[in-house]
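Colleague: I'm new to reading protein models. Could you walk me through a few features?

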Amino acid sequence: MNRLKLPSHLNRRQAIQLLGMSSIGYLLNSCSSEFTAKVGDLTEPLNQSFGELLVKPQLLIPEFAKSAIDPKALLLNSYDGTPEIVGGAFLKENRDKYRLTIDGEVKFPMELNLNALKQLPQTSIIMQHVCVEGWAAIVQWGGVRLRDLAKMVQPKDSARYVLFQSADKYTESWDLASALHPQTILADRMNGEILPDDNGAPLRLATPIKLGYKLSKWVTKVSFVSQIPKGGKGYWEEQGYEWFGGI
Amino acid sequence: MNNKQTKKSPPVPPQTNFVKILHGLIIISLFIMIGSGLQIYNATPVFGGKDGLPFPKWMTLGGWLAGGRNWHFGTMWVFAFTLLIYGIYIFLTQRWKRKFVSGQDLKALKVGQNPKRRIYAWHRIIYTGIIPVLIMAIVSGLAMYKPAQFHWLSWLFIDWQTLRTIHFLTVPISLLFVFVHIIIGIRAGGLRLTRSMFQP
């Protein structure tokens, strides 16, 4: 008794049902990448609204303990290796040649060298750096708040996005709210030391509220804009990663 | 063994079309979540990191990481809201009082002599037991989707690796459940019971 009783043969309806169920996986697997992209186009606006809703300038993400810092967990990712910035790997003697350009729809566009950046209020944050690939690392970043730089250049009311250009031609674009979040910084220090070349020296983006691919290394230019230019969403975003990338 | 007993049809619980639709949506969205989830897994395997073993391509959905994320973060709304609507439904219709595992089932297993009743008790235990697993999949997923904004939720899962491991474990548990649920369902009510959940 209670033996599993299966029919010796399937009738048409059952066969169709079984076929339907077992083929779901195969069907989905053979879906074209266009269909996959459509799923993204269809649902990403909802996900983006959800992400934007969560970003509040007055809500700070709690920091981690210093003992939680795990330098080995931070993997090195770049799409084209470490760039040769300002002629040759970014050696200490080249640091005075570096300039950070801030322009776009701002009242006072500027070019700043590292000494000028050092005059600004310094901050640091111990945060979880979350990569889109699924790994995460707790890192301490130190530098200046992007919002302090914005106060200097004074973006016009029309500015809604911020574009970042890097020495390796990597590009990024952000919503203004996330860029002006008090925990978004342009970092020149990592785990208390001067920022290593491979991690984006002399200046890189850091924030606890965005995925790692939004955190450009080797930043050379920050532009406040009213619209993201066509093809300028960002290196990975143009290939299919979501634009907002909030976490 | 006993012809009389096997011929006697067990009562087939009537399913409402509403429940059949929710059940179907959960099956479809669960498999999309698993396929796309394994695609995301492969970008950095939970076990072994970058050196870990990836899942074979035929098990994954989306073609590459961004495609997998499209499916995963698109379907999560269907998956989560189907479960939420189902939760509200069983609450409003009071189904939770009679359709899920109860002390009666445990009693049937402990002292019951009726083998049909015992199988039915197991059937109810199993399909009740999957609900917390699916909820755990959503909660741990949310903690990983917005680890900064929902830091209080991520904090409950100790650290990133533990969080990823728990989220991943809901996959083999769900698959094992699907398998056992089909088998025990057939044993408890024959294919008539299975059909009652799929046929309009």
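**Helices, a patch and a bridge**

Modeller: Sure. Helix 2 of chain B and helix 3 of chain B are roughly antiparallel to each other. Keep in mind that this is a predicted model.

Colleague: What describes two packed helices?

Modeller: In general, the angle between the axes and the distance between the axes. Here, helix 2 (residues 17–43) and helix 3 (residues 65–92) of chain B pack at about 150 degrees, and their axes are 8 Å apart. An angle over 145 counts as roughly antiparallel, so that label fits this pair. The crossing of helix 2 and helix 3 of chain B is left-handed.

Colleague: Which classes of residue make up the contact of helix 2 of chain B with helix 3 of chain B?

Modeller: By class, that contact has 19 nonpolar residues, eight polar and one charged.

Colleague: And on the surface, which residues make the nonpolar patch?

Modeller: Among them are Phe18(B), Phe81(B), Leu84(B) and Trp96(B), in a patch of about 830 Å². Helix 3 of chain B gives the most to this patch, with six residues. Phe81(B) sits in that helix 3 of chain B.

Colleague: Let's turn to charges. How many salt bridges are there over all chains?

Modeller: The count comes to 12 over all chains. One salt bridge pairs Glu133(A) with Lys50(B), with the closest N and O atoms 2.9 Å apart; the cut-off is 4 Å.

Colleague: Why does the pair of Glu133(A) and Lys50(B) join two chains?

Modeller: Because Glu133(A) lies in the loop between strand 3 (122–130) and strand 4 (136–145) of chain A, while Lys50(B) lies in the loop between helix 2 and helix 3 of chain B.

Note on methods: Residues numbered from 1 in each chain as written. Chains lettered and ligands numbered in written order. Predicted model: local features only at pLDDT ≥ 70, side-chain atom pairs only at ≥ 80, totals over all residues. Heavy atoms only, no water. Axes fitted to C-alpha atoms, helices over the stretch in contact; angles between N-to-C directions. Helix = DSSP H or I, 4+ residues; strand = E, 2+ residues; numbered from the N terminus. Parallel < 35°, antiparallel > 145°, perpendicular 65-115°, else oblique. Left-handed = near helix turned anticlockwise from the far one by under 90°. Nonpolar A, V, L, I, M, F, W, Y, C, P; charged D, E, K, R; others polar. Patch = residues over 30% accessible without salt bridge, like charges linked within 9 Å, V, L, I, M, F, W, Y side chains within 5 Å. Areas by Shrake-Rupley, 256 points an atom, 1.4 Å probe, with all protein chains shown as cover. Salt bridge = Lys/Arg side-chain N within 4 Å of Asp/Glu carboxyl O.
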